Amino acid sequence: MKLCTNIINMIQQRQKPNRRANFFIYHLPVILYAAAIIVLSSLSHLKTPEIRFLAFDKIAHFFEYAIFAFLAVRSFLHISVKISEEKAFLFTSLFIVIFAIFDEYFVQTLSHRNSSVYDLLSDVGGAFLLLTVLRIFNKKKGKKK
């Protein structure tokens with residue numbers, strides 16, 4: 001709960017950007033994370049442990065993209081002080097969907113890996129759940145002021 005409050009405070013307290021500092025603080029992490037996703041997708045020996053009652057790889061996809069959505073929305077919110085929160089969340093949603101589709105297509109092109117629509121749904125589901133929770137907490141906090 002405290003984490004959500006801290007994230008909402010960060011979203012609401014945007015200031016005039018110092019371009020270099022903003023790049024390293026807000027934009028570089030999402031770029032590096034996206035690169036890490038692509039690198040992990042290309043590994044042929046990456047195996048997920050078999051857990052009988054849950055599909056561990058779907059849970060991993062879910063949380064992987066929830067973190068990615070957090071980094072992406074943070075980046076979009078700090079592109080410019082003129083960007084509205086609604087647009088930042090919309091751009092993040094579009095970016096995540098396009099990136100997830102690209103990632104699954106990339107995995108499909110590799111002969112040693114399997115792509116799945118369920119992986120894509122887990123990716124998008126994790127991102128959208130995080131974005132929805134952030135929007136709800138943000139609206140509740142805005143009403144309290």
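**Exercise 1. Find the largest nonpolar core of this predicted model, and work out which helices build it.**

*Solution.* Start with the count: the largest nonpolar core holds 21 residues. Next, pick out its best-connected members, which are Tyr 65, Phe 68, Val 73, Ile 96 and Phe 99. Now map the core onto helices: H2 (19-42), H3 (56-77), H4 (85-109) and H5 (117-144) each put in at least two residues. H3 gives the most, with eight residues.

**Exercise 2. List what Ile 96 touches, skipping residues up to four places away in sequence.**

*Solution.* With those neighbours set aside, you're left with Tyr 65, Phe 68, Ala 69, Ala 72 and Ala 127. Tyr 65 and Phe 68 also turned up among the core residues with the most contacts, as did Ile 96 itself.

**Exercise 3. Describe how H2 packs against H4: are they roughly parallel or antiparallel?**

*Solution.* First the geometry: the two axes come within 9 Å and cross at roughly 25°. Angles under 35 degrees count as roughly parallel, so H2 and H4 are roughly parallel to each other. The crossing is right-handed. Then the residues: H2 brings Ala 34, Ile 37, Ile 38, Ser 41 and Ser 42, while H4 brings Phe 99, Phe 102, Asp 103, Phe 106 and Val 107. Sort them by type and you get seven nonpolar, two polar and one charged.

**Exercise 4. Zoom out and sum up the fold of the protein.**

*Solution.* Count the elements: five helices and zero strands, running α-α-α-α-α from the N terminus. Then check burial: 34% of the 145 residues are buried. Finally, take contacts between residues at least 6 apart in sequence; 79% of them join residues at least 24 apart.

Conventions
Residues numbered from 1 in each chain as written. Predicted model: local features only at pLDDT ≥ 70, side-chain atom pairs only at ≥ 80, totals over all residues. Heavy atoms only, no water. Core = buried A, V, L, I, M, F, W, Y, C linked by side-chain atoms within 4.5 Å. Buried < 20%, exposed > 50% of the residue type's maximum accessible area, 1.4 Å probe, protein only. Helix = DSSP H or I, 4+ residues; strand = E, 2+ residues; numbered from the N terminus. Contact = heavy atoms within 4.5 Å. Axes fitted to C-alpha atoms, helices over the stretch in contact; angles between N-to-C directions. Parallel < 35°, antiparallel > 145°, perpendicular 65-115°, else oblique. Left-handed = near helix turned anticlockwise from the far one by under 90°. Nonpolar A, V, L, I, M, F, W, Y, C, P; charged D, E, K, R; others polar.
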